[in-house]
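Opening my notebook on this one. I want to go through burial, strand pairing, helix packing and a few odd backbone spots.

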Amino acid sequence: SAVKDRWTVHRTLRTQRPSLVSQLHDCIDGVLEALLISGHFTSADCDEVCLPIRTPSQKIFAIYNDNILVYLINIFFTEILQYQKKLSSSVSAHHMSLDDIYTEGQLELGQDCPDVHRTLGLEDIVSMAGTVNAEADTVLVSGEAGCGKSTLLQRLHLLWARGTALQDFLLLFPFSCRRLSSEHRELSVQELLFQHGCWPNREQGEIFQFILDHPHLILFTFDGLDELKQSFSDEQRLCCPTQPAPVHILLFNIIQGALMKGVRKVITSRPEAVGPVLKKHLSKEVLLKGFSPSGVKCFIRKHHSDPTVAAKVLESLQSNNTLLGLCHSPVLCWIVSCCHKELLNCGEGSPQTITDVYLMILEHFLQHQRSLESVGRTGWPQDYLETVLHLGQLAFEGIVTTCYIFSGTDLETCAVTEKDICLGFLIQSKDMSSTNMMRYEFLHVTMQCFFAALFIVLSNNMDRSTIPKLFELKDMRKTDHSISCFTACLPFTYQPECAFDGEARAAATKNLQITATFVSGLLSLRHQNLWLHCCPRAVRARKVRQVERCLSKGMQKHFKSIPQPVEGEKKSMHAMPAFVWLIKCIYEMQESRIAKDAMSKLEVDHLKLTYCNIGPMECTALAYVLQHLKSPIGLQLDNNSIGDVGVEQLLPCMHVCNSLYLRNNNITDEGLRKLIATGIQCDSFQKIALFNNKLTDACTQHFAHLLKNKQDFLSLRLGNNNITAEGAMQLAEGLRANNSLRFLGLWGNNIGDAGAEALAWALEGSESLVWLSLVGNGIGTAGACALANFIKNCASLEELWLTENNINRTGVECLIQALEHNIHVKSIWYQISHTFFVVGVQDWWLSV
Ligand code: ADP
């Protein structure tokens, strides 16, 4: 309780800090005099407070220096100011502060949690909401490169520093795994905190003891676990906070709680680097899924202080759906917004691919440089070819050796000059460690991949095996160390035994995939004129052929893995994430010939792409390629992040989908409206599954329209949405006019008695419906009796699901009576409401 009291004092002092400081600012001398007279302070104390190095604010806090917490606040205060500076400089690439541009990304729980229905906010990351393992102290925020993980952490740090969030934590230590990776000494936890965290080198012993005594008041954040060179492992245990160990071992012990148990930890990572061993030690996983459509608008408006510019950018995005889909990724949204002038000038040729977007920012930065130089130049990119090659080599060798921070020596090795740095693609790495060496990193890891790709495409002395190795995702490190061994990454590059595996390898592979995607885009026919004066035509043509061959081979490898179907079953392919990557590479090439060729060899009835991290961007690529399928398939995209924007991207391939499975994909009525408008015109489209999306009554009129106009539609599954009686009534209008639907699933909505009555009316006399699920819909006896009437008059129904409703004995008797008139029904599943006198399984399952 003593800690709690102090904590309350601390909180009060922190929240009232601004008024406290402003009130005391002008009367420090008076206060000191009063303290001296009252005997609280000696004259030595007063001298100490008035040390010339102190600012007035520091003097104020020094007056309260009789209590460790107040002392900490003093340091915090200085620290916060420094930290704010650090943050604003870390976003200096935008020439804007985080405050001005921060836009909420979409957060979702990694595991289904029935208790959490609302959308998650930043504070939920450390709250108990959605906790699956209460023993663990570590929360994981996972998401793809560029989805905003680092920015989210920076936002959390800033809010905490200002006293507006996370106020249950007295201290927050931010770490970057990228920077920790270049620490090659063995450290103890204490050294880790005071050499890599954000903390002044004073009173470490006391503060560290405080942390050990009050772990629950402390928060650590570790950004970018995927950038460690080692996969997470819980094998090597440490328990002594003063025992030195390699940094990754320290980190793993902190994450699993062997060290610093009780301290809250938030780690961020790309999904590939998260394996089952790590998952075991997580209290929960939160998925960061980029911007929502309104998030994109909000970001653009924040990014442009001039509302007319913002409106123009938004207008141009609205007219280019594909680009709008790309903007779902914050890093792409940022680039597009930065390049608004280029965007507004490019008319019809506005960007379609990720490579287009990165080329736009390359041009943007180079043109900016050119305007500064004002020397007569011929054009981009040839004027800057050398610069691009220098940066490209640095990026490429970094990707190959998993190095993301570069020392001055690394830059020299690749002939990167001061002028090259000035272009803005490299930024200074804020290294907290004791070495004061200048280090650099690319603006973003995807930018490093882009430069690596430029190097592969534009360098004339590139090893011929580079492109095949890249596409086969092979280790491209040279064994003889004849290429530069980056000093920032030492000793890793010198030690073959450090060869990474498992999740660390998977994360590094992802960067090779992104690089290969850019290589495909840069070598596409539509960009060939750009490189006319940069590399010999023949060399370029060879590289194009190599990429095409790699893509074709890669696809075939996937197709070969398709097992022969069991007799009577459909031939089905469960695609791996690498399949989606190849599809994205094909899309970047923008040549329908290549897409056609790839699809000509795919012979399946069903393509399963569940849990493949498919967002709007991937949908664009999928639709581009799948539209060339020879015959229609079932496309199963359950459990991805498609959303309304992704649905719109899928429309071009609707005509080759006989069934579309989109369970759990954040789709709303608006996305659905567009989907149906296209689907209704597609002859083969017959089944749709939309379980667990965000549909409401506003979507049912579209389904009604579909059912009325498509007399060969077979299956409609709308479980776990928000459809009420009103929606059911609208649906009933469509059902009444349809005589093809065989499966209707409405489990987990709320249609109630009125809805059930409407459906019963509509389906009465149906000759097609075989299966109906109305589980968990708040249906009572009236609804059951209406359904009984439908059963009496329906010659096709075989199975009816009515569990988890409120049907009483009377209702059940009605249903039983109806069965006496019906010889087709095989089973009706029901529960008598709130009663436990159900005897045996047979009472649940009534069979005739
Ligand atoms: P990640 O860590 O997931 O790779 P970052 O946080 O580095 O992604 O984001 C890349 C860029 O995208 C940032 O530099 C910033 O420009 C932009 N960005 C990301 N998230 C946000 C956000 N929430 N609000 C505004 N801009 C963002």
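**T387 and the sheet beside it**

I looked up T387 first and found it buried, with a relative accessible area of 11%; the cut-off for buried is under 20%. Worth noting that this is a predicted model. T387 sits in helix α20. Leaving aside neighbours within four places in sequence, I get D420 and L423 as the contacts of T387.

Next I checked the sheet in this region. Three strands make an open sheet, ordered β9-β11-β10, with antiparallel pairing. β9 (406-407) and β10 (426-428) are the edge strands, each pairing on one side only. Between β10 and β11 (residues 439-442) I have three bridges in the antiparallel sense. Across that pairing, I427 stands opposite E441 in β11. Helix α20 (residues 385-400) packs on this sheet and touches β9, β10 and β11, and its direction makes about 85 degrees with that of β11.

**Strand β7**

How many residues of β7 are buried? I get six of the six in the run 264-269, so the strand is largely enclosed by the rest of the structure. Then I sorted the side chains by direction. R264, V266 and T268 point one way, while K265, I267 and S269 point the other way, and all are buried. That fits the textbook rule: side chains in a regular strand alternate between the two faces of the sheet.

For partners, I looked at β2 and β5. Strand β2 (residues 138-142) runs parallel to β7 and is joined to it by five bridges. In that pairing V139 has V266 as its bridge partner. Strand β5 (residues 218-223) also pairs with β7 in the parallel sense, over four bridges. There I find F222 opposite I267.

**C239, out in a loop**

C239 is in the loop between β5 and β6 (245-246). Buried or exposed? C239 counts as exposed, at 66% relative accessibility, and the cut-off for that is over 50%. Even so, C239 touches A258 and L259, not counting residues up to four places away in sequence. I also pulled a C-alpha distance: C239 to L250 is 9.7 Å, with the two 11 residues apart along the chain.

**Two helix pairs**

The α14/α17 pair came up next. The axes of α14 (residues 293-303) and α17 (residues 330-338) come within 10 Å and cross at roughly 40 degrees. That makes α14 oblique to α17. I noted the crossing of α14 and α17 as right-handed. On the α14 side the contact uses V296, F299, I300 and H303, and these meet C333, W334, S337 and C338 of α17. By class, the residues of this α14/α17 contact divide into six nonpolar, two polar and no charged. A reminder to myself on the spacing: an α-helix has 3.6 residues a turn, so residues three or four places apart point the same way.

Then α30 (643-650) and its partner. Helix α30 and helix α31 (residues 669-679) pack at an angle of about 10 degrees, with axes 8 Å apart. That makes α30 roughly parallel to α31. The contact involves D644, V647 and E648 from α30, and E670, G671, K674 and L675 from α31. What is the split by class in the contact of α30 with α31? I count two nonpolar, one polar and four charged.

**A covered helix**

I also looked at α29 (residues 616-626), and this helix is mostly covered, with 11 of its 11 residues buried. Among the buried residues of α29 are E618 and T620, as well as M617, L622 and Y624.

**Positive phi, no glycine**

Last stop was the backbone angles. Q590 has phi near 50 degrees, a positive value in a residue other than glycine. Q590 is found in the loop between α27 (577-589) and α28 (592-600). Its accessibility puts Q590 in the partly exposed class, with a relative accessible area of 22%.

N639 is another entry for this list, with phi near 55 degrees, again positive in a residue other than glycine. The loop holding N639 runs between β14 (633-636) and α30. N639 is partly exposed, at a relative accessible area of 23%.

Definitions and conventions. Residues are numbered from 1 along each chain as its sequence is written. This is a predicted model: local features need pLDDT of at least 70, side-chain atom pairs count only at pLDDT 80 or more; totals for chains, interfaces and linings use all residues. Side-chain values use heavy atoms; hydrogens and water are left out. Buried means under 20% relative accessible area, exposed over 50%, partly exposed in between (1.4 Å probe, protein chains only). Two strands pair if DSSP finds at least two bridges between them. Contact means heavy atoms within 4.5 Å. Axes are lines fitted to C-alpha atoms, for helices over the stretch in contact, and angles run from 0 to 180 degrees between N-to-C directions. Angles under 35 degrees count as roughly parallel, over 145 as roughly antiparallel, 65 to 115 as roughly perpendicular and the rest as oblique. A crossing is left-handed if the near helix is turned anticlockwise from the far one by less than a right angle, and right-handed if clockwise. Ala, Val, Leu, Ile, Met, Phe, Trp, Tyr, Cys and Pro count as nonpolar, Asp, Glu, Lys and Arg as charged, and the others, Gly among them, as polar.
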